[in-house]
Amino acid sequence: MTSEKITAAAAGTWKLGDLPVSRIGYGAMRLTGSAAFHLGVPSDRERSIAVLRRAIELGVNHIDTAAFYFSSLRSANELINSALAPYADDLVIATKVGPHRDYSGEWATAARPDQLRGQVEENLRQLGRDHLDVVYLRRMRQDSIAEHFGALAELRDAGLIRHLAISDVASEHLAEAQAIAPVVSVQNKYGLDFPDPETDAVLRTCGEQGIAFVPFFAIAGKGGAHGASGTDDHEVLAVASAHGATPAQIRLAWTLRQGPHVLAIPGTGNPDHLAENVAAGALRLTDEETARLDARHTSGE
């Protein structure tokens, strides 16, 4: 398929609370270098800025980032600020708090509830904003998220945050958060390679309640933060061939097929891959193709 002229509008839209976004967005995790974080070759700054600006030209108006996305030379938030400020009125920037990295890039102890304000303020400073559109609480293996989510709810009431969201959660965490404040989005690891009945249940619950579900690693699959393995099974390759598409595009198209509330945030530092990712929003899988891929997802094979 031809990618150059396809924009994010082809995927349709959804709302994060009262904020309409295209269902194909952009994830900033890979913006800073060859690896997801500090272990790799830092990106070329001008190329990264060009990718961000190209994403906007292609109609992307939903960017997912975090203050802990940085390499030895690059910060995703600083790149976003440099490339896109002053921000367009319709641009929605979502960020995450909870995890913490020290200045050397090493992972440190996750934030306590009383430390979340500092993380929110750091994102505000780096992005050059007076409020954050959407803030995810990334659960760090704790059984209850009530105290952490409650701290973010207070920051929303104070005007620092517009909408609240949660990440890496099960159904009980969603219910726990909703008892405190509205949740506009859930972000979990999800894709063809993840046969996780609990996450499937969360996806369905979100759809029933009109909550956005935003998968991460939809393309990378089992490679996770290390990136896609470059190998795909015959089902994915066969569907890709039928559409004249790449396997990555088929993975994104299948992800979007899981419901109108499902958004995609593929990340890349490559402008060609960016255009291909956005173009995946125009792919329309048949019911038979979807069923075959659904079966693959369920089996994990």
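Two strands count as paired if DSSP finds at least two bridges between them. Keep that in mind here, since this is a predicted model with a sheet at the heart of this briefing: in β9, Leu164 is the bridge partner of Val135. Beyond the sheet, the things to look at are the salt bridges, 15 in the structure, and a negative surface patch that includes Asp143.

**The sheet**

- Seven strands make up an open sheet, and their pairing is parallel.
- Reading across, the order goes β3-β4-β5-β8-β9-β10-β11.
- At the edges sit β3 (26-27) and β11, each of which pairs on one side only.

**Strand β8 and its neighbours**

- On one side, β8 runs parallel to β5 (residues 92-97), and four bridges join the two.
- If you want a spot to check there, Val134 in β8 stands opposite Ala94.
- Strand β9 (residues 161-167) also runs parallel to β8, this time with six bridges joining them.
- The Val135 and Leu164 pairing is the one to click on for β9.
- How many of the residues of β8 are buried? Seven of the seven are, so β8 is largely enclosed by the rest of the structure.

**Out on the surface**

- Follow the chain on from β8 (132-138) and you get to the loop that leads to α4 (146-157), which is where Asp143 lies.
- Is Asp143 buried or exposed? Asp143 has a relative accessible area of 72%, and the cut-off for exposed is over 50%, so Asp143 counts as exposed.
- Asp143 shares a negative surface patch with Glu172, Asp196 and Glu198.

**Salt bridges around Arg296**

- Arg296 pairs with Asp193 in a salt bridge, with 3.0 Å between the closest N and O atoms.
- Asp193 belongs to the loop between β10 (185-187) and α6 (197-209), while Arg296 is in helix α10 (residues 287-299), so this pair ties together parts 103 residues apart in sequence.
- Both partners, Asp193 and Arg296, are buried.
- Arg296 also forms a salt bridge with Asp233, and here the closest N and O atoms are 2.0 Å apart.
- Asp233 sits in the loop between β11 (212-213) and α7 (234-243), so its contact with Arg296 in helix α10 ties together parts that are 63 residues apart in sequence.
- Like Arg296, Asp233 is buried.
- Zoom out a little and there's a network of salt bridges that links Asp193, Asp233, Arg251 and Arg296.

**Another link between α10 and α7**

- Helix α10 also holds Arg292, and its side chain meets that of Glu235 in a salt bridge (2.9 Å, N to O).
- Glu235 is in helix α7, and the pair links distant parts of the chain, 57 residues apart.
- Arg292 has 26% relative accessibility, so it counts as partly exposed.

**A stop in helix α6**

- Thr205 has its place in helix α6.
- With a relative accessible area of 22%, Thr205 is partly exposed.
- Where the chain is concerned, Thr205 and Leu174 are 31 residues apart in sequence, and in space they are 9.4 Å apart, C-alpha to C-alpha.

Note on methods: Residues are numbered from 1 along each chain as its sequence is written. This is a predicted model: local features need pLDDT of at least 70, side-chain atom pairs count only at pLDDT 80 or more; totals for chains, interfaces and linings use all residues. Side-chain values use heavy atoms; hydrogens and water are left out. Patches are made of residues with over 30% relative accessible area and no salt bridge: like charges are joined within 9 Å, nonpolar side chains (Val, Leu, Ile, Met, Phe, Trp, Tyr) within 5 Å. Accessible areas come from the Shrake-Rupley method with a 1.4 Å probe; for residues, only the protein chains shown count as cover. A salt bridge is a side-chain nitrogen of Lys or Arg within 4 Å of a carboxyl oxygen of Asp or Glu. Lys and Arg count as positive and Asp and Glu as negative; His and the chain ends are not counted. The place of a charge is taken as NZ of Lys, CZ of Arg, CG of Asp or CD of Glu. Buried means under 20% relative accessible area, exposed over 50%, partly exposed in between (1.4 Å probe, protein chains only).
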